[in-house]
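Here's a quick tour for someone meeting this protein for the first time. Have a look at the model, then read on.

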Amino acid sequence: MNSEDPLSRRDFLAASSIALGAAAVVGAEASAAAPPAKLALHGGEKAVVERLPKHIRWGAPEKERLDAMIGQDTLFYWKGPQTTLLLERFRKICPLPHATSCSSGTAALHIAVAAAGIAPGDEVITSPITDIGTVIGVLYQQAVPVFADLGRDTYNLDPQDVERRITPRTRAIIAVHLAGNPCDLGALKELADRRKLVLIEDCAQAWGARRGGKPIGTEGDFACFSLQNSKQVTCGDGGLVASGDPTFGPRLQQFGDKGMDRLASGGLFETFATNYRMSEPQAAVAAAQMERVESIAEARSRLGRILNDELAGVAGVDRPRVRDEDRCSFWFYMLRIRPEAFRCDRAEFVKALAAEGAPAAAGYIPVPLYGNPVFQRHGFFAGRWPVKEMGLTDMDYTKVSCPEAEAILKTCVRLMIHEGMTETYVRSLAAAVRKVAAHYAT
């Protein structure tokens with residue numbers, strides 16, 4: 001450009017900027033006006049083109065431990081080599097001084113409730129969205145499950161609602177770390193300490209999770225883990241229960257072993273309990289699995305956060321909230337859809353996701369625990385509930401309501417996530433959600 005040009009350099013740059021801005025606006029308008037991609041459900045291309053990666057869960061390490069177990073002269077748990085190794089490796093994950101293996105996560109929770117001294121008529125506050133195993137031990141101790149509502153985007157106990165449901169009969173809180181997302185243990189622990197309540201952590205779905213820098217299970221009075229086949233690590237079925245409390249901890253072994261204290265002399269039964277022992281073959285597999293916990297949790301956390309980030313800003317879709325300082329080990333990934341934001345119901349939304357190649361499912365459990373027939377009938381023991389008949393509780397599950405929990409179950413969608421998936425695969429899951437959401441947006 002020479003000095004004789006009628007357009008100065010400043011004018012030229014300004015005009016160019018305006019032109020570029022106008023072009024960008026036109027491009028954005030054209031992009032906004034473009035119709036959403038055709039759903040695979042209607043004959044379009046799938047968003048998820050990669051095959052679901054194979055989930056390899058056991059191999060040489062488990063075989064090595066089983067081979068060692070075959071050479072033993074006993075398969076009994078007490079001082080068995082595999083059980084000893086299992087507990088040693090478990091304490092590296094959940095560093096608590098007292099721990100015992102048991103037959104299931106349900107057994108772990110029952111042992112904790114019994115060791116805590118929960119008595120007939122006592123109340124235990126917990127989540128209504130969990131496996132019934134969370135409360136089986138409560139009921140078998142003739143205590144009363146009390147259900148508190150949940151956070152809308154954490155799916156975990158709302159500490160404020162927990163406090164509202166405390167009565168003079170309340171003795172404990174069971175905090176369920178749903179899908180591996182840590183509960184607000186700071187608030188729950190403060191509440192439990194202030195009201196002199198026992199805090200039990202249900203870590204069944206939370207292997208490898210961390211709250212801040214602390215391993216999950218180390219802030220409550222008890223930590224209860226499941227080794228059931230679907231969990232992040234497994235031996236088919238089994239569990240572990242641990243405690244750092246000097247009073248509760250020594251009771252764990254006997255409450256899983258028919259009430260026998262194997263460190264005491266005389267073989268007398270000082271307490272009454274059932275048989276929840278784990279055998280050496282199970283312990284062998286579980287011991288090998290303990291070596292996998294960290295890598296599995298790290299991978300699931302990373303992939304889950306990628307998925308969460310990829311879904312940011314999708315209209316009508318609410319993501320789970322995970323604190324930046326926590327590690328969620330994503331037993332599954334659960335989002336919620338806002339019905340008013342879409343021209344379809346949840347079933348159609350999930351059907352469309354499945355057609356895109358996404359491993360998706362509608363809902364989680366059918367109803368909150370209190371909505372199940374056995375609770376609605378109060379029919380826990382041969383169709384009866386002795387503590388209610390004896391006047392030790394006035395609980396009526398037909399009148400219990402946790403509005404947010406009920407809303408979560410009506411609007412949630414689960415996506416499978418596991419450590420064998422690639423980042424590319426997980427990003428394609430997010431693309432499938434975005435595609436379906438855009439197609440059905442109102």
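The largest nonpolar core of this predicted model has 98 residues, and Tyr364 and Tyr397 have the most contacts inside it. A nonpolar core here is a set of buried Ala, Val, Leu, Ile, Met, Phe, Trp, Tyr and Cys residues joined through side-chain atoms within 4.5 Å. Buried means under 20% relative accessible area, exposed means over 50%, and partly exposed is in between (1.4 Å probe, protein chains only). Helix α4 gives this core its largest share, eight residues. There's also a second, separate core of 35 residues, with Leu307, Val314, Ala352 and Ile417 among its members.

A word on ground rules: residues are numbered from 1 along each chain as its sequence is written. Since this is a predicted model, local features need pLDDT of at least 70 and side-chain atom pairs count only at pLDDT 80 or more, while totals for chains, interfaces and linings use all residues; side-chain values use heavy atoms, with hydrogens and water left out.

Back to Tyr397: leaving aside residues up to four places away in sequence, Tyr397 touches Val144, Pro145, Phe147, Tyr370, Phe375, Gln376, His378, Phe380 and Trp385. A contact means heavy atoms within 4.5 Å.

Now for α4 itself, residues 105-115. Of its 11 residues, 10 are buried, so the helix is largely enclosed by the rest of the structure. The buried ones include Leu109, His110 and Ile111. At the start of α4, a side-chain oxygen of Ser104 comes to within 3.4 Å of the backbone nitrogen of Thr106. That is a polar contact (a pair of N or O atoms within 3.5 Å; within protein, one must be able to donate a hydrogen and the other to accept it, and residues adjacent in sequence count only if both atoms are side-chain atoms). After α4 comes Gly117, with a positive phi near 80°.

Over in the second core, Ile417 is buried, at a relative accessible area of 3%. Ile417 sits in the loop between β13 and α15 (423-440). Its C-alpha atom is 5.6 Å from that of Phe332, although the two residues are 85 apart along the chain.

Strand β13 belongs to an open, antiparallel sheet of four strands, ordered β10-β11-β13-β12. Strands pair if DSSP finds at least two bridges between them. Helices (H or I, at least four residues) and strands (E, at least two) are DSSP runs, numbered from the N terminus. The edges are β10 (317-318) and β12 (360-362), each pairing on one side only. Three bridges join β12 to β13 (residues 412-415), and Ala361 stands opposite Arg414 in β13.

Two residues that are not glycines have a positive phi:

| Residue | Phi | Loop | Relative accessible area |
|---|---|---|---|
| Lys258 | about 60° | between α8 (252-255) and α9 (280-290) | 38%, partly exposed |
| Ala382 | about 50° | between α12 (373-376) and α13 (386-389) | 84%, exposed |

Zooming out, the protein chain has 15 helices and 13 strands. Of its 442 residues, 52% count as buried. How confident is the predictor, on what mean pLDDT? The chain's mean pLDDT (confidence in each residue, from 0 to 100) is 93, and 92% of its residues reach 70 or more. Residues 1-32 have pLDDT below 50, and beyond near neighbours in sequence this stretch has five contacts in the model.
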